[in-house]
Amino acid sequence: MKKVAITDIYGIFGKISENRKLYIPADDGASQARFLPYMEGMQLTEKLNTVRSAKDLFFPQVENLLKFKVSGKQIEMIDERAPVEPFVVFGVRACDCRSFDVLDNVFLHEEPADTFYKARRENGLIITLACNMPEETCFCTAFGIDPADPAGDITAWQAGDCYIFRGNTEKGKQLLEELELADVQADAVAPQQQHIRTIAEKLPFGKLDLTGFDKEHLMEKFNDPRWAQLSESCLGCGTCTFVCPTCQCYDIREFNNGREVQRFRCWDSCMYSDFTMMAHGTNRPTQKERFRQRFMHKLVYYPANNDGLYSCVGCGRCLQKCPVHTNIVKVVKTLGGESV
Amino acid sequence: MRETVKAKAIELLENGTVNRVMGWKTGEFFYDLTPAVFTSREEVEKDFVYSVFSAPNLSKYMIAESRKPGKIAVFLKPCDSYSFQQLLKEHRIWRDNVYVVGVACDGMCSMDVIREKGITGATAVTEDGDVLKLDTLYGEKTIAKKDALLERCVNCKSRKVVIFDEMLGENGEENPESDRFALVEKLEAMTSEERFEFWRGELSRCIRCNACRNVCPACSCEKCVFDNDKSGIAQKAAASDFEENNFHIIRAFHVASRCTDCGECSRVCPQNIPLHLLNRKFIRDINELYGEYQAGSDMDTKPPLMNFTFDDCEPSVVYERGSKA
């Protein structure tokens with residue numbers, strides 16, 4: 001393990017960003033945090049987490065896929081993507097880091113792999129940061145995530161007057177070598193970890209009971225009459241899906257300017273009325289079906305198809321951001337428990 | 001007031017005035033209340049909450065609810081009542097099927113504001129006069145209620161419920177002293193370049209979740225053109241970030257003179273974009289060009305931009321005013 005004094009962290013950022021792009025969570029001028037490209041003078045945020053998750057850096061909201069040019073009877077297809085340069089993201093929380101397991105299953109582990117996402121995953125290096133001050137909306141522990149010991153290529157802790165680093169992957173260890181940091185004993189983070197775990201014990205949803213959200217109870221959950229009441233006040237906006245670190249649905253569209261056609265993809269939301277619209281119309285005619293789809297996907301369909309891995313990581317963004325405060329915790333508490 | 005509101009909900013259900021009541025349902029915490037329909041004494045007793053966190057404006061839900069069988073009672077705060085009346089004027093709500101209970105309001109608090117003030121991890125609250133006492137994961141914290149208010153309440157335009165079948169608490173007055181145009185004036189004083197940069201910066205954070213549109217009582221189209229695949233302008237993604245910016249400006253145009261300044265757009269924006277400032281700029285201009293006008297304040301007047309009179313300003317005013325900056 002390596003360490004650096006808190007006051008020297010910006011020097012380290014300077015060094016990392018010398019030959020690659022570095023993103024750090026910083027304040028955005030609207031009292032909120034977001035991942036921004038590091039520049040000298042920039043400060044780390046005091047906020048626990050960013051509004052938009054680290055997912056955005058690997059799976060952007062909009063990206064061009066392909067361009068078509070038509071001349072006479074010829075169609076030319078042009079792949080315009082620029083090569084992805086290596087980049088580093090610092091300050092990814094344990095929950096957001098787990099979201100990459102969820103996304104990798106979708107974009108990498110099913111054939112064919114998504115080459116856009118793949119290029120960013122291969123070139124991106126994730127430095128996680130343990131959560132010294134979890135918030136009441138945090139419930140990563142319910143999904144077996146340890147906020148005191150996040151994964152990633154490198155794990156960082158802010159402990160006392162130091163940042164302590166541990167290289168987890170080859171890529172991570174190599175970067176730590178390059179930074180030439182002072183050594184520190186392996187147990188240096190233990191007191192800080194203990195401190196974090198004590199707080200995590202007190203999280204109100206830290207032990208959220210997920211019994212019954214599995215393949216065996218799929219139809220029972222699907223047919224539960226209480227979806228109507230749960231979705232009653234849902235506005236049908238896309239806030240929960242767009243701040244979610246694991247939502248991965250997108251639409252592919254084309255923009256035709258008369259001379260050429262730009263094919264692009266953009267995030268889509270199952271909360272929207274035109275989501276997965278087909279020639280015959282939509283099979284989710286009301287907000288109830290759309291709402292149900294989102295939570296069934298997170299809590300039942302995805303784990304049923306991915307060895308029990310839930311596609312919620314307990315980051316709590318939807319708890320904080322839903323305009324009418326309907327969220328995944330309320331769904332679990334309503335449909336779980338005695339209904340199992 | 002909390003108990004009065006609950007008792008009224010039960011009374012209206014039990015004496016047969018209505019078969020449903022819309023109010024705010026308790027959440028997992030004290031601050032995460034959800035708009036909900038209640039149909040029995042038991043449901044109301046268990047879950048109904050009227051508190052300083054009952055911010056969501058329930059008027060828009062009445063478009064759908066008033067078309068359902070039976071009659072529904074809805075609790076409206078002063079600013080919500082302007083939205084309700086404006087919707088009535090637009091023939092969007094079936095008035096006969098709604099029983100309006102006006103509730104006096106001293107301003108609504110927001111957990112986002114409390115978090116901005118540096119208090120995190122709050123799990124419980126007790127109201128002690130003008131102070132909120134919060135139990136947090138990091139010990140007990142206090143914050144003055146006035147420091148936890150939503151912007152729209154800090155600059156409250158009116159404490160008067162403008163339409164009701166019954167009023168709970170003493171009805172308030174309009175507040176002409178409200179400082180709600182202060183920031184608009186500041187923006188007007190900027191050069192056009194500075195103003196352009198200001199809005200480019202603010203709107204650059206938009207993630208196009210459509211929460212502002214979906215919560216807006218003035219945006220009540222059955223299907224928004226931007227959601228309609230056949231409209232030719234369906235816009236899940238914009239061709240450029242400037243197009244994204246335009247969405248908000250055009251939406252402000254569409255609701256101009258019908259927007260009551262209820263402030264829901266800014267309350268729900270996950271990216272803290274001060275969208276209400278666009279609407280307030282329109283309101284200020286309308287006041288100046290067409291005479292003082294408050295959308296939703298009555299049933300008789302026509303919104304200036306949906307009306308024509310010989311006294312209307314000439315369209316050339318756009319060029320004259322534009323050239324000043």
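**Helix crossings and a hairpin in a predicted model**

Author: In this predicted model, helix 9 (residues 287–305) of chain A packs against helix 11 (residues 328–335) of chain A at an angle of about 80 degrees, with the axes 11 Å apart.

Reader: Why are helix 9 of chain A and helix 11 of chain A called roughly perpendicular?

Author: Their angle is about 80 degrees. The class runs from 65 to 115 degrees. The pair is therefore roughly perpendicular.

Reader: Which residues of helix 9 of chain A meet helix 11 of chain A?

Author: A:Phe291, A:Phe295, A:Lys298 and A:Leu299 meet A:Ile328, A:Val331 and A:Val332 of helix 11. By class, that contact has 6 nonpolar, no polar and 1 charged residues.

Reader: What makes helix 10 of chain B oblique to helix 12 of chain B?

Author: Helix 10 (residues 241–255) and helix 12 (residues 276–290) of chain B pack at about 40 degrees, axes 9 Å apart. Roughly parallel needs under 35 degrees, and roughly perpendicular starts at 65. The angle fits neither class, so the pair is oblique. Their crossing is right-handed.

Reader: Which residues of helix 12 of chain B make the contact?

Author: B:Leu278, B:Asn279 and B:Phe282 do, against residues of helix 10 including B:His248 and B:Phe253.

Reader: How do you know that strand 4 of chain A and strand 5 of chain A pair?

Author: Pairing takes at least two bridges. Here 5 bridges join the antiparallel strands. In one of them, A:Val70 partners A:Ile75. The hairpin has 2 residues between the strands, and A:Gly72 takes a positive phi near 60 degrees.

Reader: What makes strand 5 of chain A hardly covered?

Author: Buried means under 20% relative accessible area. Among the 5 residues of strand 5, the buried count is 0.

Methods. Residues numbered from 1 in each chain as written. Chains lettered and ligands numbered in written order. Predicted model: local features only at pLDDT ≥ 70, side-chain atom pairs only at ≥ 80, totals over all residues. Heavy atoms only, no water. Buried < 20%, exposed > 50% of the residue type's maximum accessible area, 1.4 Å probe, protein only. Helix = DSSP H or I, 4+ residues; strand = E, 2+ residues; numbered from the N terminus. Axes fitted to C-alpha atoms, helices over the stretch in contact; angles between N-to-C directions. Parallel < 35°, antiparallel > 145°, perpendicular 65-115°, else oblique. Contact = heavy atoms within 4.5 Å. Nonpolar A, V, L, I, M, F, W, Y, C, P; charged D, E, K, R; others polar. Left-handed = near helix turned anticlockwise from the far one by under 90°.
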